Amino acid sequence: MMDDEIKKEIRKMALQNAFEYGGQTHDKIILGKILGSKPEFRTKIKEISDVISETVSSVNQLSSEEQRSEIEREFPEALKPKERAVEKEEAGLPELPGAKHGKVITRFPPEPNGYPHIGHAKAAIINSEYAKMYGGKFILRMDDTNPETERMEYHAAIKVGLEWLGIEFDQVKSTSDDMEIFYEKGIRLINSGKAYVCTCKREDISKNRRERKACKCSFEDVEKNNKNWNKMNERFKPGEAIVRFRGDMKADNAVMRDPVLFRIIDERHYTLGDKYRIWPSYDMAVAIEDSIDGVTHAFRSKEFELRRELIDAILDALGMRKPHQGFFSRLEFKGMPISKRVIKPLIEEGKVSWYDDPRLPTLEALRRRGIKPEAIRRFIMSLGLTKANTLAPFDALEAFNRRFVDASSKRLFMTSHAKKLTVNNLPLTAVEIPNHPVNDMGKRRVEINSHFYISGEDAVAIKDGMQIRLLGLGDVAITKIGSEFEGNFVGEGGTADIPKIQWVSQKNAHEIKMIIPKTLFEGEEFNEDSLEELDVYTEPHYLQLKEGEEIQFVRFGYCRKDSQSQAIFTHK
Ligand SMILES: [Zn+2]
């Protein structure tokens, strides 16, 4: 059943879009907009499509004047697009140049050579949000043309990570699906003199590039280049020959100094095996793929900005359509490197356990730590398209996450560095404690006797003769301090300004390991104390939580249940 609110929202979007675009709108545009602002409807596309179709056809029958007056009457806020709630949330992304509603095609082309991390999330989210914003199409393209470093394991991890982020694609493909097209285009470039086979040594190629000098190979004729291309398939060994684009050896942009289009790699490809040994370079692959896939707007992180000229030059040389290229800054958290070159040795040396270690910025690690995918999306959208390099503090993401976990996390008690407390004259054998201070999330019943644990951090502040409050239980007058504590129950707590602390009943305490991730790097230095592990006591209700459930340990912080015996600290 479609509720009235969503019908109203569809009507508003249809009216607004039609009015903005000369009186007519289309189903697909409205569907894109609805899914963009109400992702929960992705599972109900069929139902909302019918409503959209009806609404769009009724709106299209109105004159512009009629549309305008209905908007004024029903949705006055919609006349100022900048102020709409939907727009506000997406305010991070500026309009795309030359974009037409329903015609925008974007893509996310990850290379399956590592585990997906926050940087991948940014690229995927920006490109996908743009497609949604314009009711367009979004392609996932596995950029798999370097069999030396690419693995099915990574390919699978990227898919899992994107699914977790809730990113959906209209098309999924692999760059290697189009190997025959790369060959055809490569041969065409050779035959038109726009590319040549270079058999120089690697050091000589670098030296020539630095000195801006052409090598002898660049003067060879088409026939010789064709012969050498064929030899690349059989005779040449990896590194003995490459195909180079005829750019400009004198160019200030070093990328243009006759860059590589194809190279020989004798490694098994993870899906194609030994079928090919000449593989297109990143530039060749991305240029051709974006063009033939119909990509209208291609966004990459800004370290690729100098390659824009080359991509355009390759497509011009082939007379192919060029997409608009846009750039955004790379996203990294302070003290949490995303580079494989940094992370891999840490794993090999046992300094971090695996790619899901909660100190890492991989998607798997963020998930395990208790970061919600919607928090990541909102965080990334809040950064927008700024090109200034972002070295974000992790707190910035935490602030977004807190909004999502606060309302839905059950509160439980946990004590660390526990000290024993015996309470005399306790008249109760059980207490009921609400699971959330504000929201109605039920209560839990905790069986008690006179023996409790309190946290060592609280115990140090307790003086003889002092009163403390055990939360949800009542006040206790302390009669003995030291390695163990003792006190008398003095009844229901009043408003007195005394320490109010959490506790765990000894008779049913459940011991777990608490993992507390801290900043992995301080400057360039690996932080040897970046992972704190505490043995703590929690309530038996911990055992009833679902694995992966986010909870708040009162006065400690948000944590994610990793297993029956382990929790991971998410953030304060
Ligand atoms: Zn050469």
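Let's start at the N-terminal end of this predicted model, where helix 1 (residues 4-20) packs against helix 2 (residues 27-37) at an angle of about 130°, their axes 10 Å apart. Because angles from 65 to 115 degrees count as roughly perpendicular and those over 145 as roughly antiparallel, helix 1 is oblique to helix 2. Further along the chain there is a four-stranded open sheet, with helix 8 (residues 179-191) lying across its strands.

**Helix 1 and helix 2**

- The crossing of helix 1 past helix 2 is right-handed.
- On the helix 1 side, the contact is made by I6, E9, I10, M13, A14 and N17.
- Their partners in helix 2 are I29, I30, K33, I34 and S37.
- Sorted by class, this contact of helix 1 with helix 2 holds seven nonpolar residues, along with two polar and two charged ones.

**The sheet**

- Follow the sheet across and you meet its four strands in the order 4-5-6-7, with antiparallel pairing.
- Strand 4 (195-198) and strand 7 (278-280) are the edge strands, so to speak the two borders, each pairing on one side only.
- On average, neighbouring strands here are turned by 25° against each other, direction ignored.
- Strands of a sheet can pair in a parallel or an antiparallel way, through backbone hydrogen bonds.
- Four bridges join strand 4 to strand 5 (residues 242-245) in the antiparallel sense.
- If you would like a landmark for that pairing, look for Y196, which stands opposite R244 in strand 5.

**Helix 8 and its neighbours**

- Helix 8 lies across strand 4, strand 5, strand 6 (260-264) and strand 7.
- Relative to strand 7, helix 8 runs at about 90°.
- Helix 8 also crosses helix 11 (residues 282-292) at roughly 110°, and the two axes come within 11 Å.
- That angle makes helix 8 roughly perpendicular to helix 11.
- I181, F182, K185, G186 and L189 are the helix 8 residues in this contact, and they meet M284, A285, I288, E289 and I292 in helix 11.
- By class, the contact of helix 8 with helix 11 has seven nonpolar residues, one polar residue and two charged residues.

**Domains**

- The domain assignment divides out domain 1 (1-91), domain 2 (178-285) and domain 3 (410-571).
- Taken over C-alpha atoms, the centres of domain 2 and domain 3 are separated by 65 Å.

Terms used: Residues are numbered from 1 along each chain as its sequence is written. This is a predicted model: local features need pLDDT of at least 70, side-chain atom pairs count only at pLDDT 80 or more; totals for chains, interfaces and linings use all residues. Side-chain values use heavy atoms; hydrogens and water are left out. Axes are lines fitted to C-alpha atoms, for helices over the stretch in contact, and angles run from 0 to 180 degrees between N-to-C directions. Angles under 35 degrees count as roughly parallel, over 145 as roughly antiparallel, 65 to 115 as roughly perpendicular and the rest as oblique. A crossing is left-handed if the near helix is turned anticlockwise from the far one by less than a right angle, and right-handed if clockwise. Contact means heavy atoms within 4.5 Å. Ala, Val, Leu, Ile, Met, Phe, Trp, Tyr, Cys and Pro count as nonpolar, Asp, Glu, Lys and Arg as charged, and the others, Gly among them, as polar. Two strands pair if DSSP finds at least two bridges between them. Domain bounds come from an automatic or database domain assignment.
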